[in-house]
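User: Could you pick one part of this model and look at it closely for me? I'd like to know what surrounds that part and how the chain is tied together around it.

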Amino acid sequence: ASLCRRPEEAATADRLRERRTMSRAATIGGRLLRVPGAWRPAPSVVGIPGLPSKPWWERDDPLFAAWLPRLEAAAPAIRAEWDRLRGRPSDYRLSDSEHAGTLHSSPEEWHWATFVDGGRVVPALWEECPATAAALEGVPGLMVGDMPYAFAFFSTLRPGSRIAPHTAPANLRLRFHLCLQAAPAASGPEAETSRPACGMRVADEVREWEEGRCLVFDDAYEHEVWNDSAGEGAGLL
């Protein structure tokens, strides 16, 4: 015979099963994808072997050369919409993140305004920011629908903040960071000896944020982001 568990007991058991499954997947993914002494994709939950893989992708890659210039051309209009929203409370929920407590020291460091949340379009923001919505709709293969790892949002990193090294939960996506605001690039001898004020590292290569341009990368590789400038660093992710 079986007894029906109370709802709270069932929910607790379901969460425990999910955590055990994620732990096993992380172990399997690590064995498949990690090679000691070399940079390899290392997703924190599950990895699918055999997919094309490299840390950085170039903006003129044939996969997105046909539409990426249109996205970058829309950057001024997108930035104007970000500027109207920047003073609002963030919808970033640190408690919901798989990296809770490990990416940064406080939720105030990283501000979100979310257009796609776990694969679900956020209608209010979509309607309020038509230029950004149109730009997102113009991205072939934009991850929407039943996709828990799908997000698109305005990301604002406060002055002096950083996102610690981490990897994505899965190796099923490429990330596009359209820079909307960043510190000016360094020039002269300083540019040769210091890391950029606003930039990111993927695997062992550092690249600088440049306003109006995209950085394209595979976030299953270890990556980190920082803003060492005195102003906000912002992008559409």
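Analyst: Here is a close look at strand β9 and its neighbours, followed by salt bridges, a pocket and some surface features.

Two notes before we start. This is a predicted model, so local features need pLDDT of at least 70 and side-chain atom pairs count only at pLDDT 80 or more, while totals for chains, interfaces and linings use all residues. Residues are numbered from 1 along each chain as its sequence is written, and side-chain values use heavy atoms, with hydrogens and water left out.

Let's begin with the strand itself. β9 covers residues 214–217; strands (E, at least two residues) and helices (H or I, at least four) are DSSP runs, numbered from the N terminus. In a regular strand, side chains alternate between the two faces of the sheet. In β9, Cys214 and Val216 point one way, Leu215 and Phe217 point the other way, and all are buried. Buried means under 20% relative accessible area, exposed means over 50%, and partly exposed is in between, using a 1.4 Å probe and protein chains only.

Now to the sheet around β9. Seven strands form an open sheet with antiparallel pairing, in the order β1-β9-β6-β11-β4-β2-β3. β1 and β3 (120–121) are the edge strands, each pairing on one side only. Two strands count as paired if DSSP finds at least two bridges between them. β9 meets β1 (residues 56–57) over two antiparallel bridges, and β6 over four, also in the antiparallel sense. Residue by residue, tryptophan 56 stands opposite phenylalanine 217, and tryptophan 57 has valine 216 as its bridge partner. Valine 216 also has phenylalanine 176 opposite it.

Just before β9 comes a charged contact. Side chains of opposite charge can pair when their charged atoms come close. Here a salt bridge is a side-chain nitrogen of Lys or Arg within 4 Å of a carboxyl oxygen of Asp or Glu, and the model has 15 of them by this rule. One of them joins glutamate 211 to arginine 79, with the closest N and O atoms 3.5 Å apart. Glutamate 211 sits in the loop between β8 (205–208) and β9, and arginine 79 in helix α3 (residues 75–85), so this pair ties together parts that are 132 residues apart in sequence. Both ends are partly exposed, glutamate 211 at 44% relative accessibility and arginine 79 at 29%.

Another of these pairs can be compared with it. Arginine 201 and glutamate 224 form a salt bridge with their closest N and O atoms 2.8 Å apart. Arginine 201 belongs to strand β7 (residues 198–202) and glutamate 224 to strand β10 (residues 223–227), so the pair ties together parts 23 residues apart in sequence. Here both residues are buried. Asp83, Arg86, Arg158 and Glu232, meanwhile, are linked in a network of salt bridges.

Back to β6, the partner of β9 over four bridges, which brings us to a pocket. A pocket is found on a 1 Å grid over the protein atoms alone: an open set of points, where a 1.4 Å probe fits, with protein on both sides within 12 Å along at least five of seven lines; lining residues have an atom within 4 Å of a point. The second largest pocket holds about 720 Å³ of space, the volume being the space filled by probe spheres set on grid points joined across faces, edges and corners. It has 34 lining residues, and the closest to its centre are Met143, Arg173, Leu174, Arg175 and Phe176. The elements giving two or more residues to the lining are β4 (151–157) and β6, and β6 gives the most, with three. Phe176 is thus close to the pocket's centre as well as opposite valine 216 of β9.

Finally, look at the loop that leads into β6. Leucine 172 lies between β5 (161–166) and β6 (175–181) and is exposed, at 52% relative accessible area. Together with Val46, Ile48 and Leu51, Leu172 forms a nonpolar surface patch of about 310 Å² accessible area. Patch residues have over 30% relative accessible area and no salt bridge, with like charges joined within 9 Å and nonpolar side chains (Val, Leu, Ile, Met, Phe, Trp, Tyr) within 5 Å. Accessible areas come from the Shrake-Rupley method with a 1.4 Å probe, and for residues only the protein chains shown count as cover.
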